[in-house]
Amino acid sequence: MILNNNHKALVTELTPMLEKSSRSFYIWIAILTGFVTLGFVAFVIQMVQGQIVTGMRDNVVWGIYEVNFILFVGVSYSGAFISGILHFIQSRRKNSVSRIIEIITVLCLCIGPIFILLCIGRLDRLHYLFLYPRIQSPITWDILAIMTDLVGCFIYLYLTFIPDFAILRDSDHLKIPAWKKKLYKTLAIGYHHTPSQKKRLHKITKTMSAMVIALAIVAYTVLAWIFSLTLQPGWNSTIFAPYFIIGGIYTGVAVIILVMYVVRRTLNLEKYIDKSHFTIAGLVLLVFSLVYGYFTFSEYFARWFSHKTIDEKLLNTLFTRYFWTFIIANYIGILVPIAILFFKKLRTIRNITIAALIVLIGSWLNRYLIIIPTLETPYIPIQDTRIDYVFYSATWIEWALVISGFAAFMLFFSLLLKIVPIIPLSGIIESENESTTITNDQ
Amino acid sequence: MKYNFSNHRFTTLMVLLFFISFTGFGQENVAKKFKMLYKFNTIKQADNTRLLEVSFIARNKKNKKDKPPVFDAEIQFYNTTETEDILLGTAKTDDTGHASITVPASHKYTLDAAGYINLSAKFKGTDQLKRKSKKIQVKDIFLELDLKEIDSVKTVIVKAFTIDSLGVKIKANNVDVIISIGAMISKMKIEEATLKNGLYTFEFPTDIPGNIAQNIDIYTTIEDHDEYGNVIQKSNEKWGVYDSKELDSKNTLWSKYAPLWMYILLGVLLGGIWINFIYTLFQLKTIKKEGLTFEAENIPKT
């Protein structure tokens, strides 16, 4: 593709991170690397000493690792879902956020499954899952779904990157190292925006975008079934799959808003990520907070009304031992964002970001409440045993790994910004070309 | 929150009745809201010991479903005679409001002139709770349960007799007995009869399931009899049947192989998706090939 001066200026404007890095960037990377290293140390300790260094015991076999797993995977599926839908929307606004969503999707899908591996006591037997799979088990479905989804998302992400790699390859004016130029040339696979190539790429990207939507729904449904197909109190629910999907999208939209806010502030992209993006995302968050609130109410109301002894015990735990967690997760985490986003006057960029942050915290706690209190409420009462076998409490090893998961997400996101532009160049250039064509026609 | 209230209500009642009451607060107002249900019962058990049991429950006068148990109340059990009360034992009510003692089989009760054992259970009362007392009058009866195979017929023989003051056995007449077997949760009745001349026999059914060793618990009971009260006798015999055939579970999810539809569905779904992935990769290869052709035609080699 031959770039004119306007295009070159646009490329320069949107790729400051590719050329040089500030000192604050290196400090930021060092801090994140520190957290990831801490997590790695915790991981090594857990591998050497076993699960005993965690708070997980006979009853509570899933702790905050599983909470992070569901959160990350949910955000990923939500990203895939929204990204797939955006591909079908013909709007210039989507160009500013589509890349952010795509990166969030793939990174979360890479980091999330690591947490499920941390729950497994005997990683040396992990390959048995593949050697002796039991097709009847939702765990097997989940492994197949996650692996397929991961491959699908990678392919989809790559397809959306190809035109940008081609533009970066052809941007001779950029002062980037030789290895990066070589990398762009390799990854661009000879794409030159010819009509045939465009048509072909558009066709497979469209198919893949439809597929990632379906994959996201199927994979997250299967993940919900791991819980709901058991008879455990709080899990055995027919609405768990749609509840998970709605909850995942709800959290995903919140994460997208938070990342949009950070990217906009740090890379000075106010021109490309403007208030309208936040307002639209805020309205989507409002709709999903209402739907999610409705699902949450239905879920707990049905349990309360059923008067099943085991459900009563679980609800009693939620309203005593986990009282404040429950209040923050299901009242503050839902009602406060609704209150902020409902009123037009309150829909400022900062307020919408605060609402998204509350949603993220509430969602994490909600997943905690889904997993831990249920495992602490077994059908056969726990008697004559140590308190740490009855009640779960996360250790520093678990917290270190959980925090390092978030740090790894931010680290890889930051490093990816050094390779690819956060605003899709091809999308902006194509939009400009189209508007120029329309003006010329007129 | 409902549960907290329930717990608090129970605790409050207990504390008010037995602890704070001594400090002179007006907790009688709380006690007045409840009607005290005080029941006394005795069961002569299979080993000829006698269980004496009291149930002490408070019932809310306005809400009859609200029935907290009276906890930690000391109950004294007596064998009462015309002249004195002989203490048999004491027990405190547990968190279900029950207090019980077991009087050994060897104990010699003092009988009244008509040959009855007079038993009483007394609660002395507190500042807020009135004293309570209940009496029971029973005659001692001996219930026997013999399980014999007579001419290959499994026969249950129930005998009952009393012993008079001279030590002579007197066969019990017109006493209703129930014969039941021990099931998983409660007893299952298999026969109901009236003793004639202190005896009842019947043929035990041959199709009753036992445990894995074919053992079966067989009970005979006299329930709420005017004279004898509650009496129970128990015996164990290998008269049960055990079907060792393993039943095939209809739920194929537990079987060795998954149902066929699952293989087909997963195969179609995964196959479709992965075929599309491969198709996408082929398309990318074509794009690359087109790019090479484009480069060869339009970009001069440097």
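Guide: Buried means under 20% relative accessible area, exposed means over 50%, and partly exposed lies in between (1.4 Å probe, protein chains only). This is a predicted model, in which local features need pLDDT of at least 70 and side-chain atom pairs count only at pLDDT 80 or more, while totals for chains, interfaces and linings use all residues. Residues are numbered from 1 along each chain as its sequence is written, chains are lettered from A and ligands numbered from 1 in the order in which they are written, and side-chain values use heavy atoms, with hydrogens and water left out.

Visitor: Are Asp164(A) and Arg99(A) buried or exposed?

Guide: The side chains of Asp164(A) and Arg99(A) meet in a salt bridge (a side-chain nitrogen of Lys or Arg within 4 Å of a carboxyl oxygen of Asp or Glu), with 3.0 Å from N to O. This pair links distant parts of the chain, 65 residues apart, with Asp164(A) in helix α7 (residues 138-170) and Arg99(A) in helix α5 (residues 94-119) of chain A; helices (H or I, at least four residues) and strands (E, at least two) are DSSP runs numbered from the N terminus. As for accessibility, Asp164(A) and Arg99(A) are both buried.

Visitor: How does Arg122(A), which forms a salt bridge with Asp124(A), count by its relative accessibility?

Guide: The closest N and O atoms of Arg122(A) and Asp124(A) are 2.9 Å apart. Its partner Asp124(A) has 45% relative accessibility and therefore counts as partly exposed. Because the relative accessibility of Arg122(A) is 43%, this residue counts as partly exposed.

Visitor: Which residues do salt bridges that share partners join into one network?

Guide: Asp170(A) and Arg169(A) meet through their side chains in a salt bridge of 3.0 Å, N to O, and both of these residues are buried. The network that arises from shared salt-bridge partners joins Glu299(A), Arg303(A), Lys308(A) and Asp311(A).

Visitor: Which helix of chain A gives the largest share of the largest nonpolar core?

Guide: A nonpolar core is a set of buried Ala, Val, Leu, Ile, Met, Phe, Trp, Tyr and Cys residues joined through side-chain atoms within 4.5 Å. The largest one has 149 residues, of which Ile104(A), Phe413(A) and Ile422(A) touch the most other members. Its largest share, 18 residues, comes from residues 240-266 of chain A, that is, from helix α10.

Visitor: What is Phe413(A) in contact with, leaving aside its neighbours within four places in sequence?

Guide: Contact means heavy atoms within 4.5 Å. With those sequence neighbours set aside, the contacts of Phe413(A) are Ile100(A), Ile103(A), Ile104(A), Leu107(A), Val259(A), Val263(A) and Ile422(A).

Visitor: Which residues of chain A lose the most area to chain B?

Guide: Chain A gives 34 residues and chain B 32 residues to the contact between them. The two chains bury about 2,900 Å², 70% of it on carbon and sulfur atoms, where buried area is the accessible area (1.4 Å probe) that two parts lose on being put together, summed over both. Together accounting for 20% of what the side of chain A buries, the residues that lose the most are Gln136(A), Ile189(A) and Arg200(A).

Visitor: Which residue of chain B meets Arg200(A) in a salt bridge?

Guide: Across the interface of chain A and chain B, one salt bridge is found. The side chain that meets Arg200(A), at 2.9 Å from N to O, belongs to Glu290(B).

Visitor: What is the relative accessible area of Ala91(B)?

Guide: Ala91(B) lies in strand β4 (residues 85-92) of chain B. Beyond four places in sequence, its contacts include Ala73(B), Phe77(B) and Ile101(B). Ala91(B) counts as buried because its relative accessible area is 12%.
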